[in-house]
Amino acid sequence: MSDIKKFLYVNRKPPYGTIYALESLEVVLIGAAFEQDVSLAFLDDGVFQLTRGQNTDAIGVKNFSPTFRALGDYEVTKLYVERESLEERGLTEGDLQEITYEDEDDDWEEKPSIRVVSRAEMAGIMADQDVVLSF
Amino acid sequence: MSTLHTVNKSPFGNATLSSCLGHCLPGDAVLLIEDAVYGALEGSAMADQVKARMGEVALYVLDGDLKARGIDAGKLISGAKCVGYDGFVDLVTEHDRTQSWL
């Protein structure tokens with residue numbers, strides 16, 4: 001049996017009102033050292049974590065949104081975003097920052113990490129995991 | 001392959017149970033714990049949404065949390081099953097993964 005497990009980090013909270021979102025990202029970065037098959041899910045208010053143009057100067061906390069763009073360097077390249085959650089909040093994929101990774105299996109071609117999926121597809125992604133960690 | 005979903009927030013102030021019900025699959029189980037036990041009340045504004053999934057998703061309620069809140073098991077949606085901590089452990093072992101909806 002393979003040692004590699006499928007880990008899904010589920011993000012359902014907005015970025016700055018609570019510490020959940022930042023803690024999730026910290027755990028993802030720590031977990032990346034263990035070379036597992038990691039995916040991130042963004043649904044409900046979690047989709048707000050990925051909006052482009054975040055600026056936290058006035059609220060005195062760290063803007064961690066640029067960190068998502070570093071995930072590709074840690075081979076975290078699957079960021080699933082739920083379409084219905086975007087639509088319920090008046091957002092489109094264009095409101096999200098661009099996050100890419102370089103595909104080592106395809107001559108390091110730059111590819112998008114964000115994959116917008118339906119709620120039904122998200123349910124299937126959740127059911128396909130060995131471990132689900134919620135934040 | 002199936003999932004045990006746990007929910008711990010009241011559905012009347014938080015959409016977590018609603019989101020869980022929208023993502024669980026046939027054969028899964030939903031266990032309501034802590035303030036989420038209110039989500040199993042018959043006749044509530046949430047009841048229809050819960051009952052709509054109960055044909056294919058099993059609903060469990062943690063007995064200690066129910067008793068702590070003074071909710072009689074007779075007030076619950078028909079088919080909701082009360083379990084203790086031992087039953088909670090059994091549910092964890094009977095499913096392939098546990099997803100806690102925070």
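Why is the sulfur of Cys20(B) in no bond with the closest cysteine sulfur, that of Cys24(B)? The two sulfurs are 4.9 Å apart, which is too far for a bond, a disulfide being a pair of cysteine sulfur atoms within 2.5 Å. Over all chains, the structure holds zero disulfides. Cys82(B) is likewise in no disulfide, and the nearest cysteine sulfur, that of Cys20(B), is 18 Å away from it. Cys20(B) counts as buried because its relative accessibility is 0%, whereas Cys82(B), at 35% relative accessibility, counts as partly exposed; here buried means under 20% relative accessible area, exposed means over 50%, and partly exposed lies in between, with a 1.4 Å probe and protein chains only.

This is a predicted model, in which local features need pLDDT of at least 70 and side-chain atom pairs count only at pLDDT 80 or more, while totals for chains, interfaces and linings use all residues. Residues are numbered from 1 along each chain as its sequence is written, chains are lettered from A and ligands numbered from 1 in the order in which they are written, and side-chain values use heavy atoms, with hydrogens and water left out.

**The two chains**

Chain A contains three helices and seven strands, and chain B contains four helices and five strands, where helices (H or I, at least four residues) and strands (E, at least two) are DSSP runs numbered from the N terminus. Along its sequence, chain A follows the order β-α-β-β-α-β-β-β-α-β, and the elements of chain B, from the N terminus on, run β-α-β-α-β-α-β-α-β.

The radius of gyration, taken over C-alpha atoms, is set against a globule rule of 2.2 Å times the number of residues to the power 0.38. For the 135 residues of chain A, a compact globule would have a value near 14 Å, and the 15 Å of chain A agrees with this; for the 102 residues of chain B, the expectation is near 13 Å, and the 12 Å of chain B agrees as well.

The table sets out further values for each chain.

| Property | Chain A | Chain B |
|---|---|---|
| C-alpha box along the principal axes | chain A: roughly 50 × 30 × 30 Å | chain B: roughly 35 × 25 × 25 Å |
| Residues that count as buried | chain A: 44% of 135 residues | chain B: 48% of 102 residues |
| Exposed area | chain A: about 7200 Å² | chain B: about 4500 Å² |

Accessible areas come from the Shrake-Rupley method with a 1.4 Å probe, and for residues only the protein chains shown count as cover. Carbon and sulfur atoms supply 48% of the exposed area of chain A and 52% of that of chain B.

Contact means heavy atoms within 4.5 Å. Among the contacts in chain A between residues at least 6 apart in sequence, 78% join residues at least 24 apart; in chain B, residues 24 or more positions apart account for 74% of the contacts with a separation of 6 or more.

As to charge, Lys and Arg count as positive and Asp and Glu as negative, with His and the chain ends not counted, and the place of a charge is taken as NZ of Lys, CZ of Arg, CG of Asp or CD of Glu. Chain A has 13 positive and 28 negative side chains, and the centres of the two sets lie 6 Å apart. Chain B has 8 positive and 13 negative side chains, with the centres of the two sets 4 Å apart.

**Individual residues**

Tyr20(A) is found in helix H1 (residues 20-31) of chain A, and at 30% relative accessibility Tyr20(A) counts as partly exposed. Although Tyr20(A) and Phe135(A) are 115 residues apart in sequence, their C-alpha atoms are 5.5 Å apart in space. Leaving aside neighbours within four places in sequence, Tyr20(A) is in contact with Lys13(A), Phe135(A) and Leu102(B).

In chain B, Phe88(B) lies in helix H4 (residues 85-94). Not counting residues up to four places away in sequence, Phe88(B) touches Leu4(B), Thr6(B), Leu31(B), Ile33(B), Leu62(B) and Val83(B). The C-alpha atoms of Phe88(B) and Leu17(B), 71 residues apart along the chain, are separated by 18 Å.

Asp44(A) is not a glycine but has a positive phi of about 50°; Asp44(A) is found in the loop between strand E2 (37-42) and strand E3 (79-82) of chain A, and is buried, with a relative accessible area of 11%. Trp108(A), also a residue other than glycine, has a positive phi near 55°. Trp108(A) is found in the loop between strand E4 (100-103) and strand E5 (109-112) of chain A, and with a relative accessible area of 52% Trp108(A) is exposed.
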